[in-house]
Structures are given as structure tokens and as C-alpha cells.
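Biologist: I'm new to this one, so could you pick a single spot and walk me through it closely? Start with what it touches and work outwards from there.

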Amino acid sequence: MGSLSFLYFGTVIVLTAILVVALRKPVYSVIALLVMFFHIAGLFVTLHAEFLAAVQLIVYAGAILVLYLFVVMLLNVKEDDSYQRQVRLGIGLGLLALAEVAYIVSAAGLPEEPVREPAAALAAAGEKAAAVAGNTETVGRALYTTYLFPFEVSSLILLVAMIGAILMAKKGIMGPEAR
């Protein structure tokens, strides 16, 4: 059941990602992106990462997608034909990447007898850790202990970007009369 749901979510994610790039109308690309975000959240749910699924829906399907939609509506772009000249190059590079993946999978091969000891021990340890602390609590502990410095650096970068965007958006700051 798990591999079947992974196959479904993975297939839809790949197809909608291709549609995001291939569709000519920007609004249709945004809708394909929305479908992709929902399926990524579904993939997180199958991996028992409910917190990440909720964050995926709130942050990406909610905030980021609305931002994309505002930009599309603000720019009033009807259709984009600028990238259509490079379609042969894109197909060629995509086929090259697919050939590389096929080579890696064929070179690795399948084991003759599945190894169950480490996987079973890892699953048991994961279930024991999840029973002791919830998924959200585990993410919070890791974020505020192990990854505290990268978390603080990324929040500082986002703060600087937000202040820069506000300063650039103010009238007269970056205009011709300010120079």
C-alpha cells in the first residue's frame, strides 16, 4: 500500500512539475503548481510527517502560491513564448538525465535477498522515538538545538530581504529623484 501511494504521489508530482514549466498561460502554471503542492503534502502524510505536510500546505500552497498569483496578475502576462525556442535543448537534456538515472538504477541492481535487520531496527527505533515525543516536538527539538545557528542565520537573511523590499517599494527611495 505504501509503495502504491508513493508511486501515485510521485507520478502526479513529476507530471505537474512538467506542466508548470510547459504550460504557456501563467495562471494554468500556478494551478498546476497548486496541485503539485497538495500532492507533496500527501507524500509527507504517507511518510508520517504530518507537521511537514501542514507546513507545506500553509506556507507553500497558501502564502507562496498567493504571492505567485499576485505577481502574475500584477504583471498582466497573457502568454510567454520566450522559452519555446529552447524546447529541443530541454528535451535533449531531460532524456540525458533520464538515461543517467536508468544507468544508476541498472548499475546498482537489486539485492538478491532483502536486508531486513537494519531496516526493522531503524523502524522500531523511529516508532519508539515517535511514541516518546510527537512529530512536531521532535522537529522543534532538532530545530532549536542541533540546527539553531542555521535557523537564526536564515531568519536574519529573510529579515534583511524584507527590509530591502520595503525600502525599494517606498516611493522616492529608488526613483530617479533619489539619485
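Modeller: Let's start with threonine 16, which touches Ala32, Val35 and Met36, leaving aside residues up to four places away in sequence; touching, or contact, means heavy atoms within 4.5 Å. Bear in mind that this is a predicted model, where local features need pLDDT of at least 70 and side-chain atom pairs count only at pLDDT 80 or more, while totals for chains, interfaces and linings use all residues. Residues are numbered from 1 along each chain as its sequence is written, and side-chain values use heavy atoms, with hydrogens and water left out.

Threonine 16 sits in helix H1 (helices are DSSP runs of H or I with at least four residues, numbered from the N terminus). Threonine 16 is buried, with a relative accessible area of 8%; buried means under 20%, exposed over 50% and partly exposed in between, using a 1.4 Å probe and protein chains only. A polar atom of its side chain lies 2.8 Å from the backbone oxygen of valine 12.

Now zoom out to the helix pair around it. H1 covers residues 2–22 and H2 covers residues 26–46, and the two pack at an angle of about 160° with their axes 8 Å apart. Those axes are lines fitted to C-alpha atoms, for helices over the stretch in contact, and angles run from 0 to 180 degrees between N-to-C directions. H1 and H2 are therefore roughly antiparallel, a label for angles over 145 degrees (under 35 is roughly parallel, 65 to 115 roughly perpendicular, the rest oblique). Thr16 is one of the H1 residues that meet H2, and Ala32, Val35, Met36 and His39 are among those on the H2 side. The residues of this contact divide into 14 nonpolar, 6 polar and no charged; Ala, Val, Leu, Ile, Met, Phe, Trp, Tyr, Cys and Pro count as nonpolar, Asp, Glu, Lys and Arg as charged, and the others, Gly among them, as polar.

Histidine 39 is worth a stop too. It lies in H2 and is buried, with a relative accessible area of 13%. Residues up to four places away aside, histidine 39 touches Tyr8, Phe9, Val12 and Ile13.

H2 has another partner as well: H2 and helix H3 (residues 50–75) pack at an angle of about 175°, with axes 8 Å apart. H2 and H3 are therefore roughly antiparallel. Phe37, Phe38 and Phe44 are among the H2 residues in that contact, and Tyr60, Leu65 and Tyr68 are among those from H3. Here the residues divide into 21 nonpolar, 1 polar and 1 charged.

Notes:
A polar contact is a pair of N or O atoms within 3.5 Å; within protein, one must be able to donate a hydrogen and the other to accept it, and residues adjacent in sequence count only if both atoms are side-chain atoms.
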